[in-house]
Amino acid sequence: YEIMLDDRIVYTDTKVKYLVVGAVYDTEQKVNLTEERQRKLNRVNVAALPLDLALKKVKGTGERTLIVFSDADCPFCAKLEQELKGIDNVTIYTYLFPIDALHPDAARKSRMIWCAPDRQKAWDAFFETGALPDNKGDCDNPVAKTAELGSRYKVQATPTLLFADGSVVPGAIPAQRIEAELKNAE
């Protein structure tokens with residue numbers, strides 16, 4: 001039997017005498033079956049997301065959708081930003097999701113980026129040069145709301161990517177895998 005806990009799947013027998021914690025792999029297909037199942041169970045209703053709380057970047061036709069929870073001071077988020085340069089025909093929604101425990105200055109930076117006249121340009125410039133916009137970050141901003149949103153969807157790490165089919169993939173994955181996930185989500 002399969003048991004879904006808050007953040008993982010475990011397996012047991014009919015009498016719950018034995019509990020197996022870990023992944024089940026299909027060795028012939030070379031597929032992590034537990035990961036596939038967990039992705040299905042943890043899908044997000046993308047249509048219900050408040051996209052007005054996110055930065056929006058349209059590349060090419062923007063016909064595909066990618067949603068990212070990102071932290072301004074996260075080195076893996078910076079790596080993902082580099083990977084995203086190679087992706088085209090996508091609309092990228094970025095939720096500013098500072099993780100204070102790891103990056104105590106990220107919330108301030110996120111507010112400053114949000115308060116810039118061109119938020120997306122400020123985000124891109126920050127990851128290119130480290131330059132922050134010239135403001136105090138004291139405008140009306142969604143940083144606290146995006147933190148709540150991430151918690152509701154159990155985002156525990158940055159970056160976390162959401163695809164159009166609602167599948168969630170944590171981590172800075174390479175452009176080739178992003179392309180494959182975008183294709184699978186169509």
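Reader: What makes helix H1 a helix that lies across strands, and which strands are they?

Author: In this predicted model, helix H1, residues 33-41, lies across S1 and S2 and runs at about 120° to S2. Contact requires heavy atoms within 4.5 Å. The angle is taken between N-to-C directions on a scale from 0 to 180 degrees.

Reader: What makes the sheet of S1, S2 and S3 an open one, and which are its edge strands?

Author: Its three strands follow the order S1-S2-S3, with antiparallel pairing. Strand S1 (2-4) and S3 are the edge strands, since each pairs on one side only. On average, neighbouring strands of this sheet are turned by 30° against each other, direction ignored.

Reader: How do you know that S1 and S2 pair?

Author: Pairing requires at least two bridges between the strands. S1 and S2 have three bridges, in the antiparallel sense, and therefore meet that criterion. One bridge can be named: Ile 3 has Val 10 in S2 as its partner.

Reader: What is notable about phi of Val 16, and is Val 16 buried or exposed?

Author: Phi of Val 16 is near 55°, a positive value in a residue other than glycine. Most residues other than glycine have a negative phi. Val 16 belongs to the loop between strand S2 (9-12) and strand S3 (19-21). Its relative accessible area is 56%; the limit for exposed is over 50%, so Val 16 is called exposed.

Reader: Why is Asn 89 called partly exposed?

Author: Asn 89 has a relative accessible area of 25%. Buried would require under 20% and exposed over 50%, so the intermediate term applies to Asn 89. Phi of Asn 89 is also positive, near 55°, and the residue is found in the loop between H2 and S8.

Reader: What is the order of strands in the open sheet of five, and which strands form its edges?

Author: The order is S6-S8-S7-S9-S10, with mixed pairing. Strand S6 (55-59) and strand S10 (168-170) are the edge strands, each pairing on one side only. The twist from one strand to the next averages 20°.

Reader: How do you know that S7 and S8 pair, and how many bridges join them?

Author: Seven bridges join S7 to S8, and the two strands run parallel. The requirement is at least two bridges, so S7 and S8 satisfy it. Within this pairing, Ile 67 stands opposite Tyr 93 in S8.

Reader: Which strands does helix H4 lie across, and which does helix H6 touch?

Author: Helix H4, residues 119-129, lies across S6, S7 and S8 and runs at about 80° to S6. Helix H6, residues 175-184, packs on the sheet and touches S7, S8, strand S9 (160-163) and S10. The direction of H6 makes about 125° with that of S7.

Reader: Why are H2 and H4 called roughly perpendicular?

Author: Helix H2 (residues 75-84) and H4 pack at an angle of about 105°, and their axes are 10 Å apart. Angles of 65 to 115 degrees count as roughly perpendicular, so that term applies to H2 and H4. Where they meet, H2 contributes Cys 77, Ala 78, Glu 81 and Gln 82, and H4 contributes Trp 123, Asp 124, Phe 127 and Glu 128.

Reader: How many aromatic pairs are there, and why is the pair of Phe 69 and Tyr 95 given its name?

Author: There are four aromatic pairs in the structure. The ring centres of Phe 69 and Tyr 95 are 4.9 Å apart and their planes lie at 25°. The limits are centres within 6.5 Å and, for stacking, planes under 30 degrees apart, so this pair is stacked. It links distant parts of the chain, with Phe 69 in strand S7 (residues 64-70) and Tyr 95 in strand S8 (residues 90-96), 26 residues apart. Both Phe 69 and Tyr 95 are buried.

Reader: What is the pair of Phe 126 and Phe 127 called, and why?

Author: The centres of these two rings are 5.4 Å apart, and their planes lie at 80°. Planes over 60 degrees apart count as edge-to-face, so the pair of Phe 126 and Phe 127 is given that name. Phe 126 and Phe 127 are both buried.

Reader: How do you know that the charged end of Arg 119 sits over the ring of Trp 114?

Author: The charged end of Arg 119 is 3.8 Å from the ring centre of Trp 114. The distance limit is 6 Å, and the charge is assigned a place over the ring.

Conventions: Residues numbered from 1 in each chain as written. Predicted model: local features only at pLDDT ≥ 70, side-chain atom pairs only at ≥ 80, totals over all residues. Heavy atoms only, no water. Phe/Tyr/Trp six-rings, centres within 6.5 Å; stacked < 30°, edge-to-face > 60°. Helix = DSSP H or I, 4+ residues; strand = E, 2+ residues; numbered from the N terminus. Buried < 20%, exposed > 50% of the residue type's maximum accessible area, 1.4 Å probe, protein only. Lys NZ or Arg CZ within 6 Å of the ring centre and 35° of its normal. Parallel < 35°, antiparallel > 145°, perpendicular 65-115°, else oblique.
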